[in-house]
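Colleague: I have a new model open on my screen and would like some help reading it. Could we go through a few features together?

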Amino acid sequence: MDTLAEIRRLRNDLLRWNREYYQNDQPSVPDSEYDRALQQLRVLEDEYPEHFDPESPTQRVGASPLSAFKSVEHRIPMLSLDNAFDPQDLQDFDRRVMERSKSASVSYCCEPKLDGIAVSILWENGILVQAATRGDGRSGEDITQNVRTIDTVPLRLLGSGYPELLEVRGEIFMPREGFEKLNARARANDEKTFVNPRNAAAGSLRQLDSRITARRPLDFCAYSLGYADDSSTLPDAHSKVMHQLGAWGIPISTLSEVVTGASGCEGYYERLAAKRDVLDFDIDGIVFKVDSRSLQDQLGFVSRAPRWAIARKFPAQEETTVVRSVEFQVGRTGAITPVARLDPVFVGGVTVSNATLHNACEIDRLELRVGDTVIIRRAGDVIPQVVAVAMDKRPSDAQVIVFPTACPACGSPVERDAGEAVLRCVGGFVCPAQRMAALRHFVSRKAMDIDGFGEKIIAQLVDRELLKNAADIYELDLRTLADLDRLGEKSAANLLQAIEQSKSTTLARFIYALGIREVGEATARQLAGYFETLDRFIAASEEVLIEVDDVGPVVADHIRQFLDQEANIETIHRLQAAGVTWPAQQSSVSNAVLSEQIWVVTGKLETMTREEAETTLRALGAKVSSSVSSKTTCVVAGPGAGSKLKKAQSLNVSVIDEPMLLEKFNLWGAL
């Protein structure tokens with residue numbers, strides 16, 4: 001290998017990716033690929049010091065500021081962090097800190113590493129006077145006017161006692177809910193969408209027109225003190241400094257903890273990793289900082305990073321792979337969804353080989369071809385998605401994706417409703433794919449909850465023409481089930497018992513289980529609560545249906561179309577005749593103490609699921625909403641509560657935690 005040529009190639013790639021990432025807001029590679037290249041370059045430069053270059057990406061942070069913004073010189077350089085990739089790296093970091101400080105043990109402040117844009121914000125005599133990006137670490141871009149539009153950044157500090165000059169470093173980010181809404185609006189207007197929340201935050205901050213930034217759902221969280229003209233008045237512990245910043249109205253992380261040693265850091269990493277998917281914002285790892293500021297000063301810095309801090313990354317949520325083919329799947333409502341078959345790649349903690357492509361409009365937006373190299377994203381339990389195409393890697397034989405003109409499962413015609421991007425098979429239950437999907441939905445946990453009634457069992461019964469609709473489930477017998485492949489008499493008996501137990505349900509679950517297009521759990525609950533009986537629901541006109549919360553003209557039309565089909569009504573009557581029943585709609589407590597109140601549950605609860613808490617609140621008469629407004633009565637905030645908690649606080653809406661909620665449930669006789 002020509003070492004110098006390889007070093008130059010890596011430097012050129014990293015510099016180009018930096019420009020794409022920081023200046024153009026159009027990354028062509030995921031963070032994981034960038035990190036691997038940067039680590040490879042560091043190794044080569046360490047092995048061959050004769051090729052050292054002060055302008056190498058290993059010696060810089062980010063990219064130079066754009067000329068469109070005024071340049072700002074940082075009083076203290078905004079450096080990057082070294083990374084720990086496993087528990088051993090954390091132990092080595094802790095050992096080095098103890099050796100240099102001659103300490104038997106060290107306390108660390110642990111903070112979530114927000115996936116956003118690092119900024120420096122300066123307050124003079126408590127008034128916000130300047131905000132700048134990190135840039136190259138020495139100077140950044142002046143984004144003061146844009147930062148002033150972010151609601152959570154105080155224009156004037158609270159209280160008193162703050163230094164005359166106070167510079168704070170932190171992260172500007174976009175919460176997940178706001179990101180999804182921003183992209184939904186972009187798709188509706190046939191505009192460019194953002195790859196991920198970090199990319200959206202970067203693009204929003206770099207608008208020359210701050211009015212555009214003001215319309216973007218940005219948030220801010222401080223992570224450190226940058227500069228203070230009289231820092232001696234501040235506490236020695238970093239964690240206490242952060243609490244002081246919070247007292248002055250500067251947002252800080254509610255998830256930070258102080259621990260002792262590498263084992264404490266690893267424990268925090270595991271705890272937050274378990275909560276990562278329920279947070280309202282993206283985090284890509286944890287930052288561990290020596291808590292003592294005097295010890296930080298003693299430990300000092302290396303060329304581009306402090307010796308007293310380190311970052312531990314989570315598994316990457318984005319990776320690069322190749323699209324090998326595109327297949328078309330048929331859902332329970334006939335929707336035909338293109339699915340990309342990928343070269344298997346490890347992302348988001350699992351190996352992924354398939355990714356949804358949504359519809360033809362999404363494929364056109366991505367300009368996707370079979371054979372393309374793509375960036376896929378998987379966050380938590382979210383279905384993997386293709387978010388960008390690496391156009392510079394497109395092969396000459398890449399193939400255009402052609403949509404079917406007939407249903408791939410049954411050969412029936414396909415059609416696209418006016419104003420929709422989705423193709424649908426018109427075959428209904430004649431289509432085995434639709435029948436399979438509808439039956440899977442009917443037996444699912446949130447519907448009729450028939451434990452053990454899996455996809456393979458449904459497939460066998462459909463293939464043998466023993467399941468043509470949901471009512472047939474309740475006519476199955478032991479002999480029929482025991483005759484299925486790999487089931488056996490004992491398993492068949494357990495499945496029959498689960499089928500029998502499912503007959504006792506609720507009206508809301510039953511309506512949801514029917515699989516009416518656009519009727520999800522929340523809408524089914526609203527319908528059950530409004531009509532109270534199945535007969536009233538079946539008889540409701542479109543005009544009456546529209547009176548129900550969450551039901552608009554489109555959903556009302558879908559409901560009416562479903563209920564006007566004789567075969568569907570016959571199935572409902574057969575289910576009732578088989579013994580499917582539910583208690584009459586009424587509050588589970590004699591006095592609906594929360595009648596007319598609107599509650600919101602956010603964050604992760606410890607002693608019950610959010611669904612269980614919301615069900616109990618509804619039983620007490622409350623309306624449970626997914627968003628906070630001035631009409632909200634109370635917000636229940638668990639760990640990880642993000643933008644909803646902040647909005648509640650800004651609107652002076654009552655906020656309680658889980659122990660307080662349990663006390664109220666006990667008081668109201670709901671537990």
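**Reading the model, feature by feature**

Modeller: Happy to! Helix α8 (residues 238–247) lies across β3 (107–114), β9 and β10 (283–290), and runs at about 50 degrees to β3. Keep in mind that this is a predicted model. Another helix, α9 (residues 261–275), lies across β3, β9, β10 and β11, at about 140 degrees to β9.

Colleague: What is the order of the strands in the open sheet?

Modeller: The general idea first: strands of a sheet pair through backbone hydrogen bonds, and they do so either parallel or antiparallel. Here the open sheet has five strands in the order β2-β11-β10-β3-β9, and the pairing is mixed. The edges are β2 (83–84) and β9 (257–260); each has a single partner strand, so one side of each is left without a neighbour in the sheet.

Colleague: How many bridges join β2 to strand β11?

Modeller: Two bridges do, and β2 and β11 (residues 309–313) run parallel. To find one of them on your screen, start at Asn-83, whose bridge partner in β11 is Ala-311.

Colleague: Now a helix, please. How many residues of α12 are buried?

Modeller: A general point helps: an α-helix has 3.6 residues a turn, so residues three or four places apart point the same way. In this model, α12 (residues 432–443) has 12 residues and reaches 17 Å from its first C-alpha to its last, close to the 16 Å expected. Nine of the 12 residues are buried, so α12 is mostly covered, buried here being under 20% relative accessible area. Among them are Arg-435, Met-436, Leu-439, His-441 and Phe-442.

Colleague: Which elements do the buried residues of α12 pack against?

Modeller: They pack against two strands, β12 (318–330) and β20 (423–425), and against the helices α13 (455–463), α16 (507–513) and α21 (566–577).

Colleague: How many aromatic pairs does a search of the whole structure find?

Modeller: The search finds 10. A pair of aromatic rings is described by the distance of the centres and the angle of the planes. Take Phe-301 and Trp-308, which are 6.2 Å apart centre to centre with 75 degrees between the planes, an edge-to-face pair. Phe-301 is partly exposed at 45% relative accessibility, while Trp-308 is buried at 15%.

Next, look at Phe-510 and Trp-582: the ring centres are 4.9 Å apart and the planes are at 35 degrees, so this pair is tilted. It links distant parts of the chain, with Phe-510 in helix α16 and Trp-582 in the loop between α21 and β21 (598–602), 72 residues apart. Phe-510 is buried, with a relative accessible area of 0%, and Trp-582 also counts as buried, at 17%. You can also look for one aromatic cluster, formed by Tyr-530, Phe-531 and Phe-537.

Colleague: Which residue lies over the face of Tyr-269?

Modeller: That is Arg-312, at 3.9 Å from the ring centre.

Colleague: One last residue: is His-558 buried or exposed?

Modeller: His-558, found in helix α20 (residues 553–563), is buried, with a relative accessible area of 11%. To see its surroundings, set aside the neighbours within four places in sequence: His-558 is then in contact with Ile-516, Arg-517 and Glu-518.

Terms used
Residues numbered from 1 in each chain as written. Predicted model: local features only at pLDDT ≥ 70, side-chain atom pairs only at ≥ 80, totals over all residues. Heavy atoms only, no water. Helix = DSSP H or I, 4+ residues; strand = E, 2+ residues; numbered from the N terminus. Expected span 1.5 Å × (residues − 1). Buried < 20%, exposed > 50% of the residue type's maximum accessible area, 1.4 Å probe, protein only. Contact = heavy atoms within 4.5 Å. Pairing = 2+ DSSP bridges. Axes fitted to C-alpha atoms, helices over the stretch in contact; angles between N-to-C directions. Phe/Tyr/Trp six-rings, centres within 6.5 Å; stacked < 30°, edge-to-face > 60°. Lys NZ or Arg CZ within 6 Å of the ring centre and 35° of its normal.
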